[in-house]
Amino acid sequence: MRFDVCRRASEPELMDTEDCGYEDLRDCLRDLASVNRVTLGYRPTLGFLARMTREGRMPIGRPVHIVDVGSGYGDTLRAIHRWANRRGIEVRLTGIDLNPWSIRAAREASLDYPKITWIERDMFELDEVLGDRPDIIVSALFTHHLDGDGPLRFVRWMEDTARCGWFVNDLLRHPVSYWGFAALARLFRWHRFVQHDGPLSIARAFRRSDWHSIVAATEILESKARLESWFPFRLCVSRVKTDVIPN
Ligand SMILES: C[S@@+](CC[C@H](N)C(=O)[O-])C[C@H]1O[C@@H](n2cnc3c(N)ncnc32)[C@H](O)[C@@H]1O
């Protein structure tokens with residue numbers, strides 16, 4: 001694959017296409033959790049939740065319902081679970097993933113996390129399965145998996161569905177990140193999917209101009225969705241619904 005900083009790559013990732021056994025996919029997801037730790041991947045999402053709390057945008061008097069789309073191994077929700085417990089914030093957490101083996105791996109890794117529910121579903125076919133509208137929708141390393149108008153449909157859905165706000169935590173398409181991650185993945189001997197899909201994910205990821213176009217197409221006022229760069233090489237989009245009284 002040739003890396004082109006000017007446009008998103010369209011090659012599919014191995015983890016989305018290759019038929020592998022459960023243990024193989026679980027090992028890949030475990031290594032992805034290790035990538036998240038090594039690259040400080042939870043900080044942007046936890047930082048967003050801290051901001052929502054600080055600004056009084058979280059409902060009080062009942063558990064805050066947070067949904068993680070494309071939850072994979074579930075490590076982001078477990079990090080949120082620990083974060084909330086440390087602060088005495090009551091939460092109800094839901095992970096959604098279309099891959100049954102991701103859901104199984106997340107469930108098996110979360111036996112000590114009673115506040116998390118796992119749903120196996122394509123997020124574009126969620127229908128009524130969530131019941132009440134969640135308060136907050138987050139995703140990590142998910143949007144770059146979407147092709148065509150997928151990112152736009154996803155942002156529209158979050159805007160319509162989340163009561164209080166939403167947060168996209170994803171990668172920045174950047175040559176240093178592309179070549180640097182390939183070297184890091186070899187150094188850590190991460191799973192072959194991670195070695196292959198990591199640089200490809202960066203090539204499939206976004207730049208600021210991509211997100212500006214997506215947000216503009218959703219007709220959310222640009223001033224209401226915030227683009228945030230996080231070290232190293234994450235580009236995140238946040239939305240806090242300041243016009244809604246959280247209850
Ligand atoms: C790269 S993994 C990210 C996992 C995790 N969020 C993390 O930060 O490590 C992307 C996940 O999104 C899931 N996924 C892809 N398309 C999806 C869709 N349309 N609906 C739900 N899950 C999806 C995949 O099965 C995979 O588990």
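Just after helix α9, glutamate 219 takes a positive phi of about 65°. This value comes from a predicted model. The points below cover helix α9, the nonpolar core and the surroundings of the ligand.

**Helix α9**
- Helix α9 spans residues 208-218, and its buried residues are Trp211, Ile214, Val215 and Thr218.
- Viewed down the axis of α9, these buried residues fall within an arc of 95°, so they line one face of the helix.
- The partners against which the buried residues of α9 pack are one helix, α6 (150-161), and the strands β6 (225-230) and β7 (234-240).

**The largest nonpolar core**
- The largest nonpolar core holds 62 residues, and Ile66, Ile136 and Ile137 touch the most other members.
- Helix α2 gives this core its largest share, which is six residues.
- With neighbours within four places in sequence left aside, isoleucine 136 is in contact with Met52, Val64, Ile66, Ala162, Cys164, Gly165 and Trp166.
- Ile66 thus appears twice: it is among the contacts of isoleucine 136, and it is one of the residues that touch the most other core members.

**Around the ligand**
- There are 18 residues around the ligand, of which Gly70, Gly72, Asn99, Met123 and Ala140 come nearest.
- The shell is made up of eight nonpolar, eight polar and two charged residues.
- Helix α2 (22-38) and strand β2 (91-97) each supply at least two residues of this shell.
- Helix α2 therefore has a part in two groups: it supplies residues to the shell around the ligand, and it provides six residues of the largest nonpolar core.

How values were computed: Residues are numbered from 1 along each chain as its sequence is written. This is a predicted model: local features need pLDDT of at least 70, side-chain atom pairs count only at pLDDT 80 or more; totals for chains, interfaces and linings use all residues. A residue is near a molecule or strand if its C-beta atom, placed from the backbone, lies within 6 Å of it. Helices (H or I, at least four residues) and strands (E, at least two) are DSSP runs, numbered from the N terminus. Ala, Val, Leu, Ile, Met, Phe, Trp, Tyr, Cys and Pro count as nonpolar, Asp, Glu, Lys and Arg as charged, and the others, Gly among them, as polar. A residue is buried if 20 or more other C-beta atoms lie within 10 Å of its own, exposed if 12 or fewer, and partly exposed in between; C-beta atoms are placed from the backbone. The arc is that of the directions from the helix axis to the C-beta atoms. Two residues are in contact if their C-beta atoms, placed from the backbone, lie within 7 Å. A nonpolar core is a set of buried Ala, Val, Leu, Ile, Met, Phe, Trp, Tyr and Cys residues joined through C-beta atoms within 7 Å.
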